[in-house]
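Morning, everyone. I have one structure to walk through today. Let me put it on the screen.

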Amino acid sequence: MKTMTNTPAQKDAERRPDPGTLLSVRDLTIEAGSKELSVRLVDHFSLDMAPGDRVALVGESGSGKSVTARAIMRLDPDFRLSGTVDFEGQDLLKLNEKQMVAVRGHKIGMVFQDPMGALNPLMTIGEQVMEPLRISGVSRAESERRAKSVLEELGVANAESRMKAYPHEFSGGMRQRVVLAMALISDPSLIIADEPTTALDVRVQEQVLTLMDKVSKERGLAVLLITHDLGTVAGFTDRVAVMYSGRKVDEASVDALFSNPAHPYTQGLLQAVPRIDQTVPRLLTIPGAPPHPLNRPTGCAFSPRCPFAFDLCLVESPELRPSPEGGVVACHLYGASGKDEGS
Ligand SMILES: Nc1ncnc2c1ncn2[C@@H]1O[C@H](COP(=O)(O)OP(=O)(O)O)[C@@H](O)[C@H]1O
Ligand code: SF4
Ligand SMILES: [Mg+2]
């Protein structure tokens, strides 16, 4: 039930997605645990993606990125979800499990951090890449043809013979290409990649990201890239959303975010990224650690770690508001009582 209110965050939440929007997450709230000890993991998270958009979801470990992705895909039956997740015109939160199976791995491809965990060690690479097609009734010959073609697209040499190999015969980078092939074979319109390169060494990370970049551009594929490392997003995404303690606290174009980060947390994350052209050194590191969801401070959840915190921050949680660089930011420095008032 919607309540009558005038706060910008709720006005934003009540706006319906544009007809050209591919994914529109509105006010997604995730609760876990028992009714007696319920914990809010994600609080009123909203995000829009147009077809072909490449968006990064960034934040330190524990900020709620993975549970957000898992909730969008409805992977955890124990989560209590509210809000809406409109994808290609239907609210995924209203679908039953059978309908979700038709979305997962078909219309939305998924790539997770650990490629070995995503692969069955006892099945050949070919069988696994073909599986989404075989499940939807595509013939074996056609499935084989498409598996070979997508593996070739991802730079797997001798694809036909390598389809007969098992996962342990592939390197980490090659395994992640296989997982990517499984995600791409059904020709999805969106890929959700959760820390897809974190388990790989730096050189292979670069190769896999370059490949994802190339393939997503060629296919006009939208990508939601989840990462704790702001350093990996600069060349890959158009837009960055920053999460802290279960909330989106900042969102901007990648250029605006790197050149003039609005939220003090984003400024802190950027300081941790080694860059030779850094021009706005405000924080050297972010002291402290993010709060546990059961133990969030009152007011702004970042206030114990924020060098700019002032009295309002300790009592009132900031709403998302338009930021000076054209994005949105949840920080009292940009609010009605903050320093930017009237500017
Ligand atoms: N199934 C679950 N039940 C309860 N808490 C969970 C569950 N999964 C994750 N969490 C908690 O939710 C918070 C966000 O986790 P996660 O989304 O994995 O963070 P991130 O991906 O940003 O590192 C963490 O505090 C984590 O401990
Ligand atoms: S609201 Fe206050 S404590 Fe939170 S980030 Fe902004 S200035 Fe820092
Ligand atoms: Mg995660």
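I'll cover the two ligand sites, then one proline. Keep in mind that this is a predicted model.

Ligand 1 goes up now. Its surroundings include a run of residues you can follow along the chain: Glu60, Ser61, Gly62, Ser63, Gly64, Lys65, Ser66 and Val67. Ala32, Leu41, Phe79 and Pro293 complete the list.

Now the polar contacts of ligand 1. Gly62 offers a polar backbone atom, 2.7 Å from an oxygen atom of the ligand. For Val67 it is again a polar backbone atom, and the distance to a ligand oxygen is 2.9 Å. Ser66 uses its side chain instead: an N or O atom there lies 2.8 Å from an oxygen atom of ligand 1.

On to ligand 2. Where does ligand 2 sit? In the largest cavity. Around ligand 2 we count 13 residues. Cys300, Cys306, Cys313, Cys331 and His332 are the closest. And what is the make-up of that shell by class? We get 10 nonpolar residues, 3 polar ones and no charged ones.

Last stop, Pro297. Find it in the loop that runs between α11 (264-271) and β11 (321-322). Is Pro297 buried, exposed or partly exposed? Its relative accessibility is 27%, so it counts as partly exposed; buried would need a value under 20%, exposed one over 50%. Leaving out residues up to four places away in sequence, Pro297 touches two other prolines, Pro291 and Pro304. Val315 is 18 residues from Pro297 along the chain, and their C-alpha atoms are 9.1 Å apart.

That's my tour. Over to you.

Key:
Residues numbered from 1 in each chain as written. Chains lettered and ligands numbered in written order. Predicted model: local features only at pLDDT ≥ 70, side-chain atom pairs only at ≥ 80, totals over all residues. Heavy atoms only, no water. Near = heavy atom within 4 Å. 1 Å grid on protein atoms, 1.4 Å probe; cavity = no way out; pocket = protein on both sides within 12 Å on 5 of 7 lines; lining within 4 Å. Sits in = over half its atoms within 2 Å of the grid points. Nonpolar A, V, L, I, M, F, W, Y, C, P; charged D, E, K, R; others polar. Helix = DSSP H or I, 4+ residues; strand = E, 2+ residues; numbered from the N terminus. Buried < 20%, exposed > 50% of the residue type's maximum accessible area, 1.4 Å probe, protein only. Contact = heavy atoms within 4.5 Å. Polar contact = N/O pair within 3.5 Å; in protein donor to acceptor, adjacent residues only side chain to side chain.
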